[in-house]
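Thanks for asking me to look over this one. Here are my notes, set out point by point so you can follow along with the model open.

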Amino acid sequence: MTVLQIKNSIMRMLSAVYQTVPVYGEGLTSGLEAPAFYVRATASSSTKELNRRRRRSAEFDIQYLPADSATQNDTLYTVGEALLEKFEYVSTDEALLRPISARYEITGAVLHCYLTFQWFALADTEKAEHIAKVDVEVF
């Protein structure tokens with residue numbers, strides 16, 4: 001499983017729940033028209049475990065830009081609570097993940113919902129080179 005697979009799964013889930021709100025990924029720096037979601041990975045790490053196992057973790061920031069209205073903060077609180085509920089599990093092509101932490105905060109007029117995931121991955125094994133046939137003489 002990769003960070004990109006998790007990000008794409010988050011974006012699919014957002015699109016399914018909020019069908020009228022566009023969902024954007026990384027690489028878009030300007031031109032977002034509210035309301036809109038913007039999803040990006042903020043941090044990723046890998047820790048060596050036993051043998052070939054690696055403990056991977058990644059944090060994602062789901063940003064929600066609301067439409068301008070008199071009840072903007074009410075909308076942000078409502079969407080924040082809904083996101084925490086909706087992302088209790090994230091289904092990817094390979095597994096069903098549950099965030100180890102989920103929180104949201106409002107900065108300015110933007111909602112930031114942070115999800116952190118952990119999973120195990122297996123490192124590739126190095127194939128040993130075959131040794132050519134060796135003739136051994138015993139005296």
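1. Let me begin at a turn. In this predicted model, strand 6 and strand 7 form a hairpin with two residues between the strands, and G108 there takes a positive phi near 65 degrees. Beside that turn, T107 has V110 of strand 7 as its bridge partner. The two strands run antiparallel and are joined by seven bridges.

2. Stepping back to the whole chain, you will find two helices and seven strands. Read from the N terminus, the elements follow the pattern α-β-β-β-α-β-β-β-β.

3. Now for the sheet that holds this hairpin. Five strands make up an open sheet in the order 1-2-3-7-6, and the pairing is mixed. Strand 1 (23–24) and strand 6 (101–107) are the edge strands; each has a single partner strand, so one side of each lacks a neighbour in the sheet. Further in, twelve bridges link strand 3 and strand 7 in the antiparallel sense. As a landmark there, I62 has C113 in strand 7 as its bridge partner.

4. Both helices pack on this sheet. Helix 1 touches strand 1, strand 2, strand 3 and strand 7, and its direction makes about 35 degrees with that of strand 3. Helix 2 touches strand 2, strand 3, strand 6 and strand 7, with a direction at about 170 degrees to that of strand 6.

5. Which residues have the most contacts inside the largest nonpolar core? They are I10, L14, F37, I62, L83, F87 and F117, in a core of 27 residues. Two or more core residues come from each of helix 1 (3–17), strand 2 (36–48), strand 3 (53–65), helix 2 (72–86) and strand 7 (110–122). Helix 1 gives the largest share, six residues.

6. F37 deserves a closer look. Beyond its neighbours within four places in sequence, F37 is in contact with L14, Y18, V21, P22, V23, Y24, I62, Q63, Y64, V79 and L83. Among these partners, L14, I62 and L83 also appear in the list of core residues with the most contacts.

7. Some totals to finish. Of the 139 residues in the chain, 33% are buried. The exposed surface is about 9400 Å², with carbon and sulfur atoms supplying 50% of it. For contacts between residues at least 6 apart in sequence, 56% join residues at least 24 apart.

Note on methods: Residues numbered from 1 in each chain as written. Predicted model: local features only at pLDDT ≥ 70, side-chain atom pairs only at ≥ 80, totals over all residues. Heavy atoms only, no water. Core = buried A, V, L, I, M, F, W, Y, C linked by side-chain atoms within 4.5 Å. Buried < 20%, exposed > 50% of the residue type's maximum accessible area, 1.4 Å probe, protein only. Helix = DSSP H or I, 4+ residues; strand = E, 2+ residues; numbered from the N terminus. Contact = heavy atoms within 4.5 Å. Areas by Shrake-Rupley, 256 points an atom, 1.4 Å probe, with all protein chains shown as cover. Pairing = 2+ DSSP bridges. Axes fitted to C-alpha atoms, helices over the stretch in contact; angles between N-to-C directions.
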